[in-house]
Amino acid sequence: MSDWPRRIYVVLGLGVLSFAFAPILVRWAGDVPGVAIAVWRTVTAAAVLVPVAAVRSRAEMRRFSSRDVLLIGAAGVFLGLHFIAWIESLSHTTVASASVLVTTSPIILAVLGYAVLGERLRRRTVLAIGVAVGGAGLIGWADAGTVALGQGALLGNALALSGALLVSVYLLIGRVVRQKVSWLAYVTPLYTVAALTALAAAILRGVPLLGYSWHFYALCVGLALGPQVLGHGSFNYALQHVPAAIVGMLALLEPVGASLLAYGLFGEVPPPASIVGMGGVLAAVAVVVWRREAEPEASADPAHSGAVARQDEA
């Protein structure tokens with residue numbers, strides 16, 4: 001990692017820190033529909049980037065092929081749905097559980113990489129996936145039995161897992177597109193489509209978007225500038241310089257930081273069984289990302305992934 005540009009360390013460090021604050025900011029928003037938070041978060045992020053991209057990346061975006069437009073549009077829809085699922089999960093389950101479950105995306109990416117890109121799964125990876133599934137199940141069982149959350153935690157954990165699946169598809173698409181599209185030209189339409197997706201969901205569900213306190217809108221601005229522009233933006237930026245496996249591994253610092261912040265700010269202590277489940281999930285994800293880092297990097301273009309698919313199992 002010594003050949004990374006020095007700015008990458010700062011960018012990733014700030015990105016990871018901003019991710020840790022995301023569930024805390026959502027909790028501070030109070031009893032507000034999660035879709036409303038998702039709308040104002042994504043709309044604000046898009047509004048910040050669109051004027052800059054119009055000046056600096058307009059020519060590049062005009063050269064987008066139909067395939068580029070389709071892929072970026074699909075990634076934006078999945079990202080918007082991810083924000084809705086993840087934010088609403090925090091209304092039903094603990095910060096720690098939601099954060100850990102949503103960061104199981106490296107496990108899901110291993111499966112999608114095999115199914116979509118033809119990347120061969122090794123036996124150690126299959127075992128790690130089994131451990132992660134067991135850990136996720138233990139977290140759901142433990143939270144469902146808590147007095148404070150009750151059976152609603154099952155819904156919250158299901159939403160968090162759905163968020164992990166959605167973000168995995170978004171990242172998988174990003175691996176392909178970012179090979180030839182600059183950071184600003186990619187994230188600006190990406191966040192714009194995510195904002196339109198969240199807005200459409202709010203309209204369909206009849207969720208009010210106006211009339212909230214200034215405190216709510218300030219928190220949405222914080223979510224937009226921090227976890228979205230800085231957090232997701234830093235990871236998308238770093239993919240030009242840092243292997244995707246390492247970027248995914250760094251995302252695992254989110255539940256650690258979020259859990260510590262939730263304990264200090266909310267006094268939220270997960271049940272012992274849930275802590276064991278979190279350990280299992282984190283250990284399994286760590287095995288996968290470190291194993292993938294030890295293997296040759298797969299081509300980001302599905303058309304060139306056949307050689308990886310033919311690797312022998314360990």
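**Exercise 1. Place L14 and say whether L14 is buried, partly exposed or exposed.**

Solution. Begin with the location: L14 sits in helix α1, where a helix is a DSSP run of H or I with at least four residues, numbered from the N terminus. In this predicted model, local features need pLDDT of at least 70 and side-chain atom pairs count only at pLDDT 80 or more, while totals for chains, interfaces and linings use all residues. Residues are numbered from 1 along each chain as its sequence is written, and side-chain values use heavy atoms, leaving out hydrogens and water. Next, take the relative accessibility of L14, which is 43%; buried means under 20%, exposed over 50% and partly exposed in between (1.4 Å probe, protein chains only). L14 therefore counts as partly exposed.

**Exercise 2. Describe the surroundings of D68, beginning with its helix.**

Solution. D68 belongs to helix α4, which covers residues 66-89. Its relative accessible area is 5%, so D68 is buried. Finally, the D68 side chain forms a polar contact with the side chain of K180 at 3.4 Å (a pair of N or O atoms within 3.5 Å, where one must be able to donate a hydrogen and the other to accept it, and residues adjacent in sequence count only if both atoms are side-chain atoms).

**Exercise 3. Find where confidence is lowest and where it is highest in the chain.**

Solution. Start from the chain average, a pLDDT (the predictor's confidence in each residue, from 0 to 100) of 78, with 76% of the residues scoring at least 70. Then compare helices: the lowest confidence is in helix α14 (residues 306-309), at a mean of 38, and the highest is in helix α9 (residues 183-205), at 95.

Methods
Helices (H or I, at least four residues) and strands (E, at least two) are DSSP runs, numbered from the N terminus.
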